[in-house]
Amino acid sequence: MAHRMQDKIVIITGASSGLGRATAELMTAEGARVVMADISQEAGEAAAQEIGADFVRTDVGNPAEVDALVSGTVARYGRLDVMCNNAGVHAAGPLLDTTNDDFERVVAVNFAGIFYGTRAAGRVMAEQGSGAIVNTASNGGYLPTEGMAVYCGTKAAVVAMSKACALELAPKGVRVNTISPGTMLSGMVPDVEGIVDVLDKLQPVGYAANPSQMATGILYLASDDANYVTGHDLIVDGGATAGRVALGV
Ligand SMILES: NC(=O)c1ccc[n+]([C@@H]2O[C@H](COP(=O)([O-])OP(=O)(O)OC[C@H]3O[C@@H](n4cnc5c(N)ncnc54)[C@H](O)[C@@H]3O)[C@@H](O)[C@H]2O)c1
């Protein structure tokens, strides 16, 4: 079977771990040249070496670093076909104890970081007349969790912002979509004894996802299979947002 991303130039942020790493592996296996970006240099370099990809240390909360990631990729490869703005940070804690710094840290990565990446890639892709941007949101944007106001708020905002960008960039040949994962066993799962069991039980399908089960969704949205899909949010959550499960009483 032909490779779905043959010779495509792809940037993935938050690629040292979890979903970003799984997406880098899948895109590389599908023939793409992948530039992995992450704030975590050591893990990112090791992952990139294993996968056979490039690594560029990038803090997505810093617009100059995001612009440099994109311009450096274009300088090296001549174009940019796919931008996966995936980096995110988990945040949980009571609303009344949330400090300004807590709030700003999460917004800087989960919302501003996705905006900076969409803008930088959008500029290059609009000029090229082609490209696909896939932004990682969360089903927490639809199904907010107690104690996660800022995290869930940023994820709902990513979906709305990406749809607005999709409208603006559609006439220029650039597609913008989001993926809203459900609970995934990644670096984001808190290190608490018995947590995996609890997370498994909360899912209608009976288990929390492996990041590779989300990476296939990103691949679809990034690939030419989705060439008429833009402004879409693909929820991949094992049915968690479908409704309530019966309690059997
Ligand atoms: N794990 C889940 O249950 C879940 C559910 C829904 C959505 N998501 C989203 O999926 C995306 C990937 O998360 P994951 O589950 O793979 O978690 P993860 O912690 O395994 O990976 C996140 C990566 O982002 C990187 N990162 C953090 N801050 C950064 C910054 N400022 N600049 C660049 N990189 C940065 C981290 O170093 C890490 O490698 C995130 O946007 C997350 O919000 C996760």
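This passage describes the strands, the ligand shell and a few individual residues of a predicted model.

It is convenient to begin with the strands. Strand 1, which spans residues 9–13, is joined to strand 2 by 5 bridges, and the two run parallel. Within this pairing, Thr13 has Ala37 of strand 2 as its bridge partner. Between the two strands the chain passes through helix 1, and the resulting β-α-β crossover is right-handed. On its other pairing, strand 2 (residues 33–38) meets strand 3 (residues 54–57), again in the parallel sense, over 4 bridges. Ala37 appears here too, standing opposite Val56 in strand 3. The route from strand 2 to strand 3 leads through helix 2 (residues 41–51), and this β-α-β crossover is likewise right-handed. A further bridge in this pairing links Asp38 to its partner Arg57 in strand 3. Strand 2 thus has bridges to strand 1 and to strand 3. Strand 2 is also mostly covered, with 5 of its 6 residues buried. As a reminder for viewing these strands, side chains in a regular strand alternate between the two faces of the sheet.

Attention now turns to the ligand. Its surroundings comprise 28 residues, the closest being Ser17, Leu19, Asp38, Tyr151 and Ser186. Asp38, one of these closest residues, is the bridge partner of Arg57 described above. By character, the shell consists of 11 nonpolar, 14 polar and 3 charged residues. Several polar approaches to the ligand can be picked out in the model. A polar side-chain atom of Tyr151 comes to 2.6 Å from a ligand oxygen atom, while a backbone N or O atom of Met184 is 2.8 Å from an oxygen atom of the ligand. For Thr58, a polar backbone atom is found 3.3 Å from a nitrogen atom of the ligand. Taken on its own, the ligand has 820 Å² of accessible area, and the protein covers 90% of it. Two elements each give two or more residues to the shell, namely helix 1 (18–29) and helix 5 (149–169). Helix 1 is the helix through which the chain crosses from strand 1 to strand 2.

Helix 5 also offers two residues that make a helpful comparison for anyone inspecting the model. Both Ser162 and Lys163 belong to this helix. Ser162 has a relative accessible area of 2% and is therefore buried, since the cut-off for buried is under 20%. A polar atom of the Ser162 side chain lies 2.6 Å from the backbone oxygen of Val158. Lys163, by contrast, has a relative accessibility of 37% and so counts as partly exposed, a class that falls between the 20% and 50% limits. Along the chain, Lys163 and Asn177 are 14 residues apart, and their C-alpha atoms are separated by 7.1 Å.

A final example comes from a loop. Gln203 is located in the loop between helix 6 (195–202) and helix 7 (212–222). Despite this loop position, Gln203 has a relative accessibility of 8% and therefore counts as buried. The side chain of Gln203 is joined to that of Thr183 by a polar contact of 3.4 Å. Met184, whose backbone approaches an oxygen atom of the ligand at 2.8 Å, was described with the ligand above.

Definitions and conventions: Residues are numbered from 1 along each chain as its sequence is written. This is a predicted model: local features need pLDDT of at least 70, side-chain atom pairs count only at pLDDT 80 or more; totals for chains, interfaces and linings use all residues. Side-chain values use heavy atoms; hydrogens and water are left out. A residue is near a molecule or strand if one of its heavy atoms lies within 4 Å of it. A polar contact is a pair of N or O atoms within 3.5 Å; within protein, one must be able to donate a hydrogen and the other to accept it, and residues adjacent in sequence count only if both atoms are side-chain atoms. Accessible areas come from the Shrake-Rupley method with a 1.4 Å probe; for residues, only the protein chains shown count as cover. Ala, Val, Leu, Ile, Met, Phe, Trp, Tyr, Cys and Pro count as nonpolar, Asp, Glu, Lys and Arg as charged, and the others, Gly among them, as polar. Buried means under 20% relative accessible area, exposed over 50%, partly exposed in between (1.4 Å probe, protein chains only). Two strands pair if DSSP finds at least two bridges between them. A crossover is right-handed if, with the strands pointing away from the viewer, the path from the first strand over the helix to the second runs clockwise.
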